[in-house]
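Q: I've got a new model open and I'd like to practise reading it. Can we walk through a few features together?

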Amino acid sequence: MLLIHCPHCGTRPELEFSYGGEAHIARPADPSQVSDDDWASYLYLRSNTKGVHAERWRHVRGCGRFFNALRDTTTDRILVTYKAGEKPPGEAR
Amino acid sequence: MSESNTAPRTPGWLSVANPASRFVLQGELPALAAAASALGFESDVGTNEARDNGQFALLWLGPDERLILAWQEGARQLAPRIANALAGHAHSLVDVTHRQVSRCVRGEGITELLNCGCPQDLDITQFAVDRCSRTLYNKAEIVLWRRGPNEFHVEIWRSYADYFERWLIEAAQDLPVSTL
Amino acid sequence: MSAWRLPSGGHIDRSRPLRFTFDGRSYTGYAGDTLASALLANGVHLLGRSFKYHRPRGIMTAGPEEPCALVTVRRDEARCTPNLRATQVELHEGLCAYSQNRWPSLAFDVGQIAEWFSALLPAGFYYKTFMWPRSAWHKLYEPLIRRTAGLGKAPKLADPDRYAQQYAHCDVLIVGAGPAGLAAAQEAAARGARVILCDERAHSGGSLLADDRARIDGQTSAEWVDGTMAQLRANPRVRVLQRTTAFGYFPHNLMGLSERLTDHLAAPPPGLARERLWQVRAREVILATGAIEQPLVFPGNDRPGIMLGGAALHYLKHHAVLPGRRVVVATACDSAYRVARALQAAGAQIVQFIDLRPQTDRPALAALRELGIRCDGDLRIVGTRGSNRVTGVDIARIDATGAAREQRSIDCDLVLMSGGYVPSVHLFSQSRGRLRYDETLQVFVPGESAERERSAGACRGIAGLADALQDGARAGAAAASAALGTADASAANPAFTVDAAAPTPEPLDVPRASVAMHGPKAFVDFQHDVTLRDLDLAVREGFRSIEHIKRYTTTGMATDQGKTSNLNALHHAARELGQAVPAVGLTTFRMPYTPVTFASFAGQARGELFDPVRRTPMHDWAVQHGAVFEDVGLWKRARYFPRDNEDMHAAVARECRAVREHCGIFDASTLGKIAVVGPDAVEFMNRMYVNEWSKLAVGRSKYGVLLRDDGFVYDDGVVARVAADRFHVTTTTGGAARVLAMMEDYRQTEWADLKVWLTSTTEEWAVIALQGPRARDILAPLVDGLDISAAALPHMGVVEGTLQGVPMLLFRVSFTGELGFEVNVPAAEGAKVIAALHAAGERFGLTPYGTETMHVLRAEKGFIIIGQDTDGTVTPDDVGLAWAIGKSKRDFVGKRALARPSMQQSDRKQLVGLRTRDPHIVLEEGAQIVDTPGQRAPMTLIGHVTSSYASATLGHSIAMAVIAGGRARMGHTLYVPMPGGEIPVEVCSPVFYDPQGARLNV
């Protein structure tokens, strides 16, 4: 069970969180202008990173907020967490 | 409840602590501050903080979410009062008086008992008096508010209360829990 | 006094003799004994039969690393635990233990014929021998192998004991209460840290338990241990857990501990949990897990009466048991010298001491000789004798050509072996710490930590008591400082005054592989019966990776996780492969360190506590009226209300007729409810749902359809606008949580600019549905003057009011096709209100109905159930809901995906009705559908039945199905192939009843 630092509440056990998949995949502002292929990519294509992965978590059994984390998928070490809408901290990459 | 009649008798360290009404308030910080003021608090509560002024309790649930407990005042009187104070502030005020129930768990060893199902560190140095947090007790979501070194106020959705109480009573068999 | 028990000494309580049985025979031991020490005190060495060859096996060790002495301990038929290590089972009055894997008896075991055929059972034999014919595997080979190969048997009855679980947190968790662990705990506690110290034994002290000579700070080791423990126990910030095994090291410093609470008690207090599973989150972890002595590999090294030198010393010093009188000691390191001296001093005769190492002129050998012990260097054991206990060994000198010289036989009743101590790095390895091969010690030691962890003492290769104590103390100080964020503690250098030789885990000073002696039945892995020859075979057959050799030979894969075998196997494989040990690598140590009961993982989550059981506010009302309940998610929902011994079919038929002819009353409280509130509530709803919400007036409601962005139907429900900025959204019962989660996702992460907030109100409201032509007649007198006429409250109208003074949100909605209302009242009032409604309705024929009737009634109207008639691949149009889509909306969740060509093809599976030719046949839900009769498998399947019921109202069965191009097949005959034959069906509209909706608008 991981320890996850919620940017709003502090460090809590993983049980309080739900996983939200890869981060920074924005829904196109005007989907009608997006090609079928691009829409399919938006829906289904994910990077499946080995190494540092930007991903979404939600502190669903806590403050309820979505936020993002940079986690090394090879070690499960979470390098940094940051609020939804913020850019990933560059130096952690 | 017929099927739950088999539950062991309620022990002394567990009691009902329902307020007269409950609201979930959500909005931006000015709205939350205005509500706090309308309820007689000097300021809004901080992260994971709960405050009680005798009439109302204000609990931090999230950065934009508060739980208001009104000890005496019913929802029908209170709702318009808060709504007036919030006029001009975008917000959501939802009556959850009946959505959940409140329990008081109070006794020597209560922290360990709660740690049978709650994965947070409840040591008083980490979870001080008047700290509150939404969290889990095994498979039930709860809001935990420490009212004293050996006393917690618990908010739990109505249909999970039976599960929560049964688990506490079951787990208490293996721990030195005593009524204060 | 048993024959093998010393008259004095040890940590046993001679005033408390304990009777126990082993395989039905009675014996006596003392408080403080383990089953192993008590049996040894009674001269019993034969404890079990080996896994594969059924060879007699005894006690090899004195701790958790025991590979051989596995027993079943039984309190009663249900309380029966197999595969316990006799070396860890604490004796209590009346303990009842059994040997395993033998028939008909331990001393005479028919399965031992396996050994005669051992040439047929080499490494990987099951991959080769039992491959053909394939069908024989399940029927013949596997059952046969399972019967003969194996360990103990699990009890058949449910476990009657209770099991507890506990989360705990600390600054410093210390695993192991040996010298290093105790010193660490002392130091960490002194610095104010919250400390948890756990140890798997009943007594703290670790290696000090077998030491009565060392002096620490002027105290005997026992005094020092007792004093330190008393100090720790008196500290409220320290928790000491005895009989507690750290079995798993999980990410981010979470340690799983298994505490045994009652197994050591003759009569456990009733109701007390048997075990407690701890999940400890530590800021810093100190592993002080010690070192494990390794066996020597030589032919016949597995006979009962052959044990590790350190184990014999432990039995002697801790339990005052002399495990043998005529003793042969074979060693490859120095620690066995001390063992020999101690045994000799206790009255045993060391008939031969051999040092395998090439030097023959060691001073230590000469010193032993002075004690009258015959001892030699550069000798090997080349064979052993004895059936159920060792009776002798053959020793020889091996010359340069590998030939045995000067071979002679020695009679003995105990053989002690010592292959050096190996750091116990299991937990470190589990934590993903990187192991480092120490060329000098020839062992793996902890390298770089992956967690906030440090190892201390023998488990990181520190030898010597003084060094181990100091290492522990330093680790304790450093960990406390790191956890508390206080000043760096590297200056801390607590001194211990230690005198006299302490048992020090010792490395080998000759190549480990070189001390292994080839020959028949030279065992490497005692628990899985893997020999040197098996390893050789694996190498010969081309296996190069130690991971492959491990899996092919199964070495190190038994429940002991290779504690006494991994290193010998690795060194041997490396030599055979001609590679350096670190190049061959070490296999991963898996959790658990020692086996943990399943019940311990289940903990209290059994029976009523397995899952929350959610009951609605009207649950008792339903019980009073005889409801049969079904589980819907975590909810208990009334399924039907049988009267006078009705079966479900009859009850449902009656309930359906009552709704269609009079009125039914139904508890709909479990429907999910979400308050969507804020100035941007309309915009949010427009973006989330397919429907157009802008024009929905306050006081009106609408059937809403929710898609995922892939265009498939996710949920549905009636949505009411209760104020300009407030929607009351209902969801399916099962969808309540996930719909709210999905909405929150879009709200927070895609449209964070919208001023709208979501609150679950599922449990705020009790919901009572009144459905049927008399619904208004029943309700009208109760609603305190509110006008609920068709004009004032038309279909899909919503109004606030009171019902006999109780605040009410009243929906005029119908999921049955009849005139219907849904009365929402505060949950606490639900029981009162449903009783009032029921009483008021009785003269109108008001009948309680359950979910089964609800399903039939909605299916007669062609209303879908999410998750039953949809499966996550269904578009709104597929299920006839295209009408709900707001056509002028620029965007909503799922809109873009619906525009893809594949979502609009005419051959998509579409929802249709089915009528069977024979009106009495009720199709099976899930049954496949074909379009031509007489097909043979593989058939061309064109769809399946999603809902199917007997309709009492219509007098025939009805069904809904999704069928490729279904709407173009109206009137066609299709076929449902079933084991009993094909059932012809006719495709029809899914709306079977009142297609014009005349009954709604009254």
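A: Sure. Keep in mind that this is a predicted model. Let's start with C:Ser50: its relative accessible area is 3%, under the 20% cut-off, so this serine counts as buried.

Q: Where in chain C does C:Ser50 sit?

A: Look for the strands on either side. C:Ser50 lies in the loop that runs between β3 (48-49) and β4 (56-57) of chain C.

Q: Which residues is C:Ser50 in contact with, leaving aside neighbours within four places in sequence?

A: With those neighbours set aside, the contacts of C:Ser50 are C:Arg55, C:Arg57, C:Asn101 and C:Asp529. Closer by in the chain, its side chain also reaches the backbone nitrogen of C:His54, at 3.2 Å.

Q: How far apart are C:Ser50 and C:Met796 in sequence and in space?

A: Sequence first: 746 residues separate C:Ser50 from C:Met796. In space, the C-alpha to C-alpha distance is 75 Å.

Q: Now the nonpolar cores. Which residues of the largest one touch the most other members?

A: That core has 85 residues, and the ones to pick out are C:Phe22, C:Leu35, C:Leu47, C:Tyr315, C:Leu343, C:Phe353 and C:Leu416. Take C:Phe353: beyond four places in sequence, its contacts include C:Val329, C:Tyr337, C:Leu365 and C:Ile373. There's a second, separate core of 45 residues, with B:Val24, B:Leu25, B:Leu32 and B:Leu69 among them.

Q: What about confidence in chain B?

A: Check the average, then look for weak stretches. Chain B averages a pLDDT of 93, and 96% of its residues score at least 70. Residues 1-6 of chain B fall below 50, though the model gives that stretch 13 contacts beyond near neighbours in sequence.

Key: Residues are numbered from 1 along each chain as its sequence is written. Chains are lettered from A and ligands numbered from 1 in the order in which they are written. This is a predicted model: local features need pLDDT of at least 70, side-chain atom pairs count only at pLDDT 80 or more; totals for chains, interfaces and linings use all residues. Side-chain values use heavy atoms; hydrogens and water are left out. Helices (H or I, at least four residues) and strands (E, at least two) are DSSP runs, numbered from the N terminus. Buried means under 20% relative accessible area, exposed over 50%, partly exposed in between (1.4 Å probe, protein chains only). Contact means heavy atoms within 4.5 Å. A polar contact is a pair of N or O atoms within 3.5 Å; within protein, one must be able to donate a hydrogen and the other to accept it, and residues adjacent in sequence count only if both atoms are side-chain atoms. A nonpolar core is a set of buried Ala, Val, Leu, Ile, Met, Phe, Trp, Tyr and Cys residues joined through side-chain atoms within 4.5 Å. pLDDT is the predictor's confidence in each residue, from 0 to 100.
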